[in-house]
Amino acid sequence: MVMSNELTKKLGIRYPIIQGPFGGGLSSIELLSTVSNLGGLGSYGAHHLPAAAISQLIADIRDRTSEPFAINLWVSNRDYFIDGVSRSDFDDYRARFKPLYEAAGAESPDYTEAFSHDFDEQVAAAIDARVPVLSFVFGVPGPHIIKACQDKGIITIGTATTVDEAVLLEARGIDIVVATGFEAGGHRVSFLKEPEDCLTGNFALVPQVADSLKIPVVAAGGIVDARGVHAAMALGAQGVQVGTAFLATNQSGTSAMHRDTLFSDRAKHTVLSRAFTGRLARFIENETINFVEKTEGLPLRFPLQNYFTEPIKAAAARYNNSDFASLYAGQGAPLLTHREAEKMFNSLIVDFV
Ligand SMILES: Cc1cc2nc3c(=O)[nH]c(=O)nc-3n(C[C@H](O)[C@H](O)[C@H](O)COP(=O)(O)O)c2cc1C
């Protein structure tokens with residue numbers, strides 16, 4: 001099995017393994033640096049952070065590794081331009097969640113007008129810090145961003161859920177495309193069509209994307225062991241991006257409750273739902289999802305829905321109650337065996353060493 005290829009050369013890594021970024025606070029410097037120091041590419045999902053925090057984050061990461069790593073941002077970080085939400089609309093939205101707040105023991109959120117951070121400022125912070133790799137989901141970054149990355153020697157990764165998205169990313173000058181199949185944990189990061197129309201599995205998606213592009217393709221979704229790595233390479237990928245299996249390790253930023261649930265029988269059944277953020281993502285089913293799915297007027301669009309479910313997630317963490325927590329999981333979760341990131345990483349590269 002090939003260990004060195006165009007992908008590993010572009011990224012400056014030893015093994016064609018990317019630890020997938022987790023947004024919303026579930027990434028950790030410990031996990032990123034463990035993977036980068038072992039010869040893969042560690043990533044950090046930073047879409048929820050303001051620009052100043054991203055600059056600090058990159059400095060903190062550099063204290064823990066001198067190897068390449070990736071920062072990940074969301075190109076589109078709101079479903080429509082929210083120029084503030086009126087108080088009456090806010091009160092109306094909050095009322096729709098009331099039974100869920102009561103059931104979860106959550107506080108009602110306070111009125112706000114600020115829902116997401118400025119994408120251009122986030123990108124500028126990462127570029128100014130000369131992050132080694134900048135990865136994107138939910139769209140194609142503008143030409144000025146791609147040019148600035150090229151000028152500074154920053155490698156760019158784009159993410160596609162369809163062949164059309166992959167072709168567009170390559171045409172706009174992105175260096176590497178992650179093809180993410182239906183199996184994957186986290187959001188369906190589609191940007192040309194609604195995500196519900198972009199549900200191709202990796203066995204069909206990866207070879208079609210590989211046949212359509214000249215740049216390296218990375219497969220993401222359902223890969224949790226060396227068999228998955230072999231399969232992805234046989235289908236034309238030059239590497240893999242692994243999410244759920246790293247999220248389940250003690251080094252990730254998620255809760256012990258979430259990790260334990262990933263190793264439980266409940267992980268045998270995952271669903272795609274907009275219940276937590278307003279955008280479609282894969283989870284282990286629970287009360288929050290069932291409530292939102294059956295409630296008239298919900299879910300709201302992103303990031304409003306995310307704002308109104310924050311108190312529910314906080315209560316779930318406080319009471320250690322997985323009935324209400326956001327239990328992101330990919331379809332490969334029932335195959336998980338490792339709780340330590342180093343062992344997890346080594347199990348992926350077992351045939352490369
Ligand atoms: C909790 C969670 C959060 C994620 N957040 C992001 C994100 O912010 N940006 C991104 O590019 N991918 C994100 N992903 C996708 C992963 O990086 C990776 O591509 C995906 O998990 C691979 O599929 P797998 O879970 O089946 O291994 C997330 C995945 C999970 C499970």
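Helix 3 and helix 5 are roughly parallel to each other, because angles under 35 degrees count as roughly parallel (over 145 as roughly antiparallel, 65 to 115 as roughly perpendicular and the rest as oblique). In this predicted model, in which local features need pLDDT of at least 70, side-chain atom pairs count only at pLDDT 80 or more, while totals for chains, interfaces and linings use all residues. Residues are numbered from 1 along each chain as its sequence is written, and side-chain values use heavy atoms, with hydrogens and water left out. Helices (H or I, at least four residues) and strands (E, at least two) are DSSP runs, numbered from the N terminus.

Helix 3 (residues 51–64) and helix 5 pack at an angle of about 25°, and their axes are 8 Å apart; axes are lines fitted to C-alpha atoms, for helices over the stretch in contact, and angles run from 0 to 180 degrees between N-to-C directions. The crossing of helix 3 and helix 5 is right-handed, a crossing being right-handed if the near helix is turned clockwise from the far one by less than a right angle, and left-handed if anticlockwise. Ala 51, Ile 54, Ser 55 and Ile 58 of helix 3 make the contact with Glu 121, Gln 122, Ala 125 and Ala 126 of helix 5, where contact means heavy atoms within 4.5 Å. The residues of this contact of helix 3 with helix 5 comprise five nonpolar, two polar and one charged; Ala, Val, Leu, Ile, Met, Phe, Trp, Tyr, Cys and Pro count as nonpolar, Asp, Glu, Lys and Arg as charged, and the others, Gly among them, as polar.

Helix 5 (residues 119–128) also takes part in an aromatic pair. There are 13 aromatic pairs under the rule that rings of Phe, Tyr and Trp (its six-membered ring) pair if their centres lie within 6.5 Å, with planes under 30 degrees apart counted as stacked, over 60 as edge-to-face and the rest as tilted. Phe 119 and Phe 136 form an edge-to-face pair, at 6.2 Å centre to centre and with 70° between the planes. This pair links distant parts of the chain, since Phe 119 lies in helix 5 and Phe 136 in strand 4, 17 residues apart. In the loop between helix 5 and strand 4 lies Arg 130, which has a positive phi of about 50° although it is not a glycine. Most residues other than glycine have a negative phi, and most peptide bonds are trans.

Strand 4 belongs to an open sheet of eight strands with parallel pairing, in the order 1-9-8-6-5-4-3-2; two strands pair if DSSP finds at least two bridges between them. Strand 1 (17–19) and strand 2 (42–45) are the edge strands of this sheet, each pairing on one side only, and the twist averages 25° from one strand to the next. Within the sheet, strand 3 (residues 69–74) and strand 4 (residues 133–137) pair in the parallel sense over five bridges, and Trp 74 stands opposite Val 137 in strand 4. Helix 2 (residues 29–37) lies across strand 1, strand 2 and strand 3, and runs at about 155° to strand 2.

A further open sheet, of three strands, has antiparallel pairing and the order 7-11-10. Strand 7 (186–187) and strand 10 (270–273) stand at its edges with a single partner strand each, so one side of each is left without a neighbour in the sheet. Strand 10 and strand 11 (residues 281–284) pair in the antiparallel sense over four bridges, with Leu 272 opposite Arg 282 in strand 11.

Helix 4 (residues 87–104) and helix 13 (residues 304–318) pack at an angle of about 25°, with axes 10 Å apart, and are therefore roughly parallel to each other. Their crossing, that of helix 4 and helix 13, is right-handed, and the residues of the contact of helix 4 with helix 13 divide into 12 nonpolar, two polar and one charged. The loop between helix 12 (287–294) and helix 13 holds Pro 299 and Pro 303. A cis peptide bond joins Leu 298 and Pro 299, with omega about 0°, and the peptide bond from Phe 302 to Pro 303 is cis, with omega near 5°.
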